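Here's a walk through a protein structure, written for someone who'd rather be at the bench. Have the viewer open and follow along.

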Amino acid sequence: MLRIALLALLAAAAVDAAVPMSNPVLRMRGGGKSFPKLPDSVKPGVVTGKALKELLATAKEHGYAIPAVNCVTSSSVNQVLEAAAKYQSPVMIQFSNGGSQFMAGKSLPNSKEGLEACVLGAVAGAHYVRNVAKAYGVPVVLHSDHCAKKLLPWFDGMLAADEEYYKKNGEPLFSSHMLDLSEEPLKENIETCVKYMERMAKIDCLLEMELGITGGEEDGVNNEHVDNASMYSQPDEIWQVYKALAAIKNSQFTIAAAFGNVHGVYKAGNVVLRPEILGNAQTYIKEQLKCKEDKPVNFVFHGGSGSEKDKIELALKNGVIKMNIDTDTQWAFWDGIRAFEEKNHDYLQGQIGNPEGKDKPNKKYYDPRICHRAGEESMAERLVQAAKDLNCVNVL
């Protein structure tokens, strides 16, 4: 009887989270007050709680994923927002641990016990995003990226800022946070996620968790030599996570399940993506829940840079609603600056003197606003291409 009751509870949670086709709420998606193709709850600026839930449900329903980009400066935040406004799409702005520290300043104290600069940078970045996002006229999901066990002080600091913001504003500072305990035993991973989900559910904050290991290297976390088997999650493992988190009242969560993902860009053929794993998991969990929803899980695609388009399309079909794009955007920013230097090389060899005359000033070439703008424009263009790959263009 206890098992039947639990399954009934989880099935109800799945129906509520997925909002199936028969639910009247689904028919309200689109024709919203702010965006014709999105629900009324979704407005320009940072989205949280119900608005975030309905935004992700709409993405899954219509078969697109939201690009998620790691930002390290106010300039990179602006690039992402500029691109989103250009391709008329929601976007996710996220801060990694290292990116947060860079945002605050690498010279600040940052002890292992408190990660003070990381907390400060993430919170400062979040407030900056909140101050400017609405002006760009697009919905923004404000997120923090991979948090391993050793980085939990950073997570705790951000969550404390969320709770303080919630007291004053009725919503968290961030839309969501990610816990990446994939290197820990599955039992510990789930138990820790449950502990934090119980706390986050009280303030309408979404939890993203990672199951299985994303290969490659990012932000000082090196998984280039992990066991190949750990890079592919099993349906029952995903079900264990879903069951535990869905049982928490008011929980919202996404799962970054491993299907061969690798951070960085690698030569074609060196990475074997198997997004069918996500489809198999959806079928398995639907059977466990005995629910009508074909895709009860909201999946996240990590290590998306350089992925083949057919693999991306299959991942979207199998319930991916977010894809991380970091390495490609880093290169695009640098490539814009590189091209600017190449074009204007003779004007960048000194403050005075160029092909137009030995006494001619070069300030308008080395002014950081000029060369940085070249990088911004290049990165924004790369994000437009990413949005097209994710079917996430003109969806507002």
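What follows is a tour of a few spots in this chain, keeping in mind that the model is predicted.

## A strand with neighbours on both sides

Let's start with β2, which covers residues 66-70. Five of its five residues are buried, so the strand is largely enclosed by the rest of the structure. If you look at which way the residues point, Ile66, Ala68 and Asn70 go one way, while Pro67 and Val69 go the other. Whichever way they point, all of them are buried.

Who does β2 pair with? One partner is β11, which runs parallel to β2 and is joined to it by three bridges. To find that pairing in the viewer, look for Pro67, which sits opposite Met323 of β11. The other partner is β3 (residues 91-95), again parallel and again with three bridges. Here Val69 is a handy marker, as it stands opposite Ile93 in β3.

## Over the helix and back

The strands β2 and β3 also belong to a β-α-β unit, with helix α4 (residues 74-87) as the helical part. The unit is right-handed.

For a residue to click on in that helix, try Val77, which lies in α4. Val77 has a relative accessible area of 0%, so it's buried. Measure from its C-alpha to that of Gln94 and you should get 9.1 Å, for two residues that are 17 apart in sequence.

## A hole in the middle of the list

How many cavities of 30 Å³ or more turn up in the whole structure? The search finds three. The second largest is the one to look at here, with a volume of about 60 Å³.

Its lining is made of Leu52, Leu56, Met92, Val141, His143, Ser176, Leu206, Glu208, Thr254, Val300, Ile321 and Lys322. Four elements give two or more residues each: α3 (49-62), β4 (139-144), β6 (206-211) and β11 (320-324). That puts β11, the partner of β2, among the contributors to this cavity. By type, the lining residues split into seven nonpolar, three polar and two charged.

## A buried lysine

Helix α3, one of the elements behind that lining, also holds Lys60. Is Lys60 buried or exposed? Its relative accessibility is 7%, and the cut-off for buried is under 20%, so Lys60 counts as buried.

Lys60 also has a neighbour from a far-off stretch of sequence. Leu316 is 256 residues away along the chain, yet the C-alpha atoms of the two are 7.7 Å apart in space.

## Rings against rings

Now for the aromatics: the whole structure has five aromatic pairs. In one of them, the ring centres of Phe259 and Phe301 are 4.9 Å apart and the planes meet at 65 degrees, so this pair is edge-to-face. It ties together distant parts of the chain, since the two residues are 42 apart. Phe259 comes from the loop between β9 (253-257) and α10 (276-289), and Phe301 from strand β10 (residues 299-301). Both of these phenylalanines are buried.

There's also a cluster to look for. Trp239, Tyr242 and Phe253 are linked into it by ring pairs.

## A hairpin, then two odd asparagines

Further along, strands β12 (residues 352-354) and β13 (residues 357-361) pair in the antiparallel sense over two bridges. The hairpin that joins β12 to β13 passes through two residues. In this pairing, Asn354 stands opposite Gly357 in β13.

Past that, the segment after α14 (368-389) has a backbone detail to check. Asn391, which sits in this segment, has a positive phi of about 60 degrees even though it isn't a glycine. Asn394, also found in the segment after α14, has a phi near 55 degrees, again a positive value in a residue other than glycine.

How accessible are these two asparagines? Asn391 has a relative accessible area of 42%, so it's partly exposed. Asn394 comes in at 47% and counts as partly exposed too.

Technical notes
Residues numbered from 1 in each chain as written. Predicted model: local features only at pLDDT ≥ 70, side-chain atom pairs only at ≥ 80, totals over all residues. Heavy atoms only, no water. 1 Å grid on protein atoms, 1.4 Å probe; cavity = no way out; pocket = protein on both sides within 12 Å on 5 of 7 lines; lining within 4 Å. Points joined across faces, edges and corners; volume = space filled by probe spheres on them. Nonpolar A, V, L, I, M, F, W, Y, C, P; charged D, E, K, R; others polar. Buried < 20%, exposed > 50% of the residue type's maximum accessible area, 1.4 Å probe, protein only. Pairing = 2+ DSSP bridges. Right-handed = clockwise from strand over helix to strand, strands pointing away. Phe/Tyr/Trp six-rings, centres within 6.5 Å; stacked < 30°, edge-to-face > 60°.
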